[in-house]
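Where does this protein leave empty space, and what fills it? Keep the model open and follow the walls.

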Amino acid sequence: MAQLPILKIYSTKERVAEELALDFIQYLKIATGKKERVAIALSGGSTPIFFFRAVVHLKPLIDWSRVQIYWVDERCVPPDHKESNYGVAAAEFLYPLNIPESSVFRMKGEEIPEKEAERYAKLIKDNLTTGEFSPVFDLVYLGIGGDGHTASIFPDQINLWDSRKLCTVGIHPDTGQRRVTFTGELINSASRIIFMVTGEEKKEVLHQIISKSDNCSEYPAALVNPRNGVLEWYLDEEAAGSFNEQ
Ligand code: 6PG
């Protein structure tokens, strides 16, 4: 039976970030108490920055030696480039929280993309427990673009979602920028997936995806459906639109 979407709607993107941060800290405290290795994957873009800052503000006491941090996707740029997802997370999250390098497994945007996709897929296979088909992340954070992309799989390359590989190379349709990215196989193998979506500009695509409108299958984000996991949506009222009236 199809799961009803779990929508968590808050007034502003700052409130979304606060609630995501509280959930993140509580989740890690429990998970690191149960497991010696908790594997999480972060997305890039601007929304996570609010989340990172909210976590840092709470000064959490986490046993980071039991946490492994990966990235869902990375732009093919050096780690100190302003567009590097790792670079932003390092400045806003990893360094302020003194997260040890041994807990951080960045995608190397400076490498040849196809080679890095292979390396990263092998790293994940070596480090994570494999479930029914693929390695299982404990927690994956995703965003959505206004065009319905997620990770770095864009509508004009939606075929990448069904790749048999765990990681592949996507191309931003406007800039041509290449990006290493998880595929649908790896994303949908996760135990818990959280979409963080804020802003009026996401309302239309979000509504089509959550209400499963006829054309939503054009959107890679609509294909997120964890096989044996939970999918949650953290939204602000601007993005939630009419869902906030139910
Ligand atoms: C990236 C992300 C991408 C992002 C969406 C939403 O590398 O850009 O992984 O999929 O999540 O584009 O980005 P915003 O949070 O900036 O709206």
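Sort the lining of the largest cavity by residue class. Six of its residues are nonpolar, two are polar and one is charged. This is a predicted model. The residues in question are Lys13, Val16, Ala17, Leu20, Thr47, Phe50, Phe51, Met196 and Thr198. Two elements each give two or more residues to this wall: α1, spanning 13-34, and α2, spanning 47-57. The largest share comes from α1, with four residues.

The volume enclosed here is about 40 Å³. At a threshold of 30 Å³ or more, the structure holds one cavity. Rolling a probe the size of a water molecule over the atoms is what shows where such empty space is left.

Now turn from the cavity to the open space. The largest pocket has a volume of about 410 Å³. It is lined by 28 residues, and Gly44, Gly45, Ser46, Thr47 and Lys202 are the closest to its centre. Thr47 is worth a second look. This residue lines the largest cavity, and it is also among the residues closest to the centre of the largest pocket.

Which elements supply at least two residues each to the pocket lining? They are α2 and β4, the latter covering 73-75. The top contributor is α2, with three residues. Recall that α2 also gives two or more residues to the lining of the largest cavity. By class, the pocket wall has 14 polar, eight charged and six nonpolar residues.

What takes up the largest pocket? The ligand does. Around the ligand stand 16 residues. Those that come nearest are Thr47, Asp73, His149, Ala151 and Lys202. Sorted by class, this shell holds 10 polar, four charged and two nonpolar residues.

Next, check the polar contacts with the ligand's oxygen atoms. Start at Thr47. An N or O atom in the side chain of Thr47 is 2.6 Å from an oxygen atom of the ligand. For Lys202, a polar side-chain atom is likewise placed 2.6 Å from a ligand oxygen. Arg75 joins in through its side chain, where an N or O atom is 2.7 Å from an oxygen atom of the ligand. How much of the ligand does the protein cover? On its own, the ligand has 420 Å² of accessible area, and the protein covers 89% of that.

Finish by going back to two residues. Both Thr47 and Lys202 are among the residues that come nearest to the ligand, and both are among those closest to the centre of the largest pocket.

Technical notes. Residues are numbered from 1 along each chain as its sequence is written. This is a predicted model: local features need pLDDT of at least 70, side-chain atom pairs count only at pLDDT 80 or more; totals for chains, interfaces and linings use all residues. Side-chain values use heavy atoms; hydrogens and water are left out. A residue is near a molecule or strand if one of its heavy atoms lies within 4 Å of it. A polar contact is a pair of N or O atoms within 3.5 Å; within protein, one must be able to donate a hydrogen and the other to accept it, and residues adjacent in sequence count only if both atoms are side-chain atoms. Accessible areas come from the Shrake-Rupley method with a 1.4 Å probe; for residues, only the protein chains shown count as cover. On a 1 Å grid over the protein atoms alone, a cavity is a set of points where a 1.4 Å probe fits but cannot get out, and a pocket is an open set with protein on both sides within 12 Å along at least five of seven lines; lining residues have an atom within 4 Å of a point. A molecule sits in a cavity or pocket if more than half of its atoms lie within 2 Å of its grid points. Ala, Val, Leu, Ile, Met, Phe, Trp, Tyr, Cys and Pro count as nonpolar, Asp, Glu, Lys and Arg as charged, and the others, Gly among them, as polar. Grid points are joined across faces, edges and corners, and a volume is the space filled by probe spheres set on the points.
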